[in-house]
Amino acid sequence: RFRDTGWRHVHRRPRRQGAGAEIMLAVINQVLSLSAEPPLPVPPAWTPLPLGLLAPRGWALEQLLLQANSLSGYMPLSTFPGADTVNQSVWVGGTAAPKGGTDQWLPYWANGNVPLLMLLRAAGPAAVARLDPAAQLGPVVDRMMQYVLGHVNRSKSGPGAGWIGPFLNEPGDTNGHGLWDPLNMCRALLMYSEGEPSSRPAVAAAVVAHLTAEARLLESDPVYKWAATRWPTFVQVCLYVVDHVVPQFAGARAVLPLGAAGTTKLLMGASRLFRAKGMDWRGYYNGSSAVRFPTGPVAGWNTHDHGVNNAEGALAWPAMDRRLGAAQGEADAAMTLVLSRLDEYQGQPNALFCADEVFCGRAPHRGTETCAVVEAMASLEQAFSVLGDPSLVDRLEALAFNALPAALTDDMWTHVYVQQANSVFAGDTHPPLSEEQ
């Protein structure tokens, strides 16, 4: 259910009245002067086709329908414990308390299910007619996108001005949720606009306003933990806007208040600032920083050794570095460094690395989170798009046909939290034969 309750945009720092425009201008000037690196992003080796241009058929279509008509598609209507973080999220006017102090769960769901729906709509009416009407996936996604677009913070000043979604944990978030949590919703909105062209002006304006708000906060906000390790996500969203939104809306001040050149400069500067304040993945993997890649199992939980953070952050870092101006050879070497270290010290037979939350070495009785599997697949896809190395697609395919099926039942109604190489099935069984037999 979607209730038009609006979002609370909590401003924790007092501002003197009338100072908003002055502060905004000062912040923008600081960001624009941050770096002398190339003013435009380095073009990727390949440009992904927009959703809707190609229609799934055959086996691919059947897999998408299976996913849409099972656990993923039913999540908005589910009543099992934890589902309320999606279907009663504050993102859509719900009352569910943010789990673990974060409201990232609905954006995560949207980041997968929005493109899922767009692909099925591209397949045509016959495919859409095969969606389970009880799940209401299409109406749920459409209402969700409209709700988010209808509840952008439209104030002209203050730390939450332009923000998409509930303004939680900001400013001054020491866990990194505030700067990172909305980014998956930005991606979901942009993918929705690819499949539903009529939404493009509203989506473009909302995403640009949000990224401008994050750029403003980056000037004073600490970048810790979750945001620090996942800084490439911010860069990905910014560069999508530079690549696609800026050219399409170059003359539309309602979408690009700073104009095409000003918006590009702002987002390139903010991307480099986020990278500079975020996790030093190069130092982590080559051993030159205080926080270093582990060569065995990790004893205590932390964000830099967290498997999903490495899948989202470390595997995406070289490609985003390349687009921000790094040489091709430097980016290729960085990707080789990350993959070789993961293979040598954390590699598992399922083609991924061992991380049952944090890195756990090469012991087959330890496991890998399903979250790490899918995020690694997404990062490898992005990395191939930018770097053009076919071996990255080979790795992606190995995960798609090994680690991913190992995490799911064939009807996609169940997935494991952690898969283990030496545990095909774990449960309470009663074999008919004796142990000796």
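**Surface, helix α13 and salt bridges of a predicted model**

User: What area does the chain expose, and what share of it do carbon and sulfur atoms supply?

Analyst: This is a predicted model, in which local features need pLDDT of at least 70 and side-chain atom pairs count only at pLDDT 80 or more, while totals for chains, interfaces and linings use all residues. Residues are numbered from 1 along each chain as its sequence is written, and side-chain values use heavy atoms, with hydrogens and water left out. By the Shrake-Rupley method with a 1.4 Å probe, where for residues only the protein chains shown count as cover, the chain exposes about 19,600 Å², and the share from carbon and sulfur atoms is 57%.

User: How many residues of helix α13 are buried?

Analyst: Helices (DSSP runs of H or I, at least four residues) and strands (E, at least two) are numbered from the N terminus, and the chain has 19 helices and 4 strands. Buried means under 20% relative accessible area, exposed over 50% and partly exposed in between, with a 1.4 Å probe and protein chains only. Helix α13 is mostly covered, the number of buried residues among its 19 being 14.

User: What distance separates the end C-alpha atoms of α13?

Analyst: The expected span of a helix is 1.5 Å times one less than its number of residues. For the 19 residues of α13 (residues 259-277) this gives 27 Å, and the distance between the end C-alpha atoms agrees, at 27 Å.

User: Which residue forms a salt bridge with R130?

Analyst: A salt bridge here is a side-chain nitrogen of Lys or Arg within 4 Å of a carboxyl oxygen of Asp or Glu, and by this rule the count comes to 10. R130 has its closest N and O atoms 2.8 Å apart from those of its partner, E62. Because R130 lies in the loop between α6 (125-128) and α7 (137-150) and its partner in helix α2 (residues 58-68), the pair ties together parts that are 68 residues apart in sequence, the partner being E62.

User: Is R395, in its salt bridge with D343, buried or partly exposed?

Analyst: The side chains of R395 and D343 meet at 2.5 Å, N to O. This pair links distant parts of the chain, with R395 in helix α19 (residues 390-407) and D343 in helix α17 (residues 328-346), 52 residues apart. D343 has 33% relative accessibility and counts as partly exposed, and R395, at 27%, also counts as partly exposed.

User: Which residues are linked with R275 in a network of salt bridges?

Analyst: Side chains of opposite charge can pair when their charged atoms come close. In this model, the residues linked with R275 in such a network are R282, D321 and E330.
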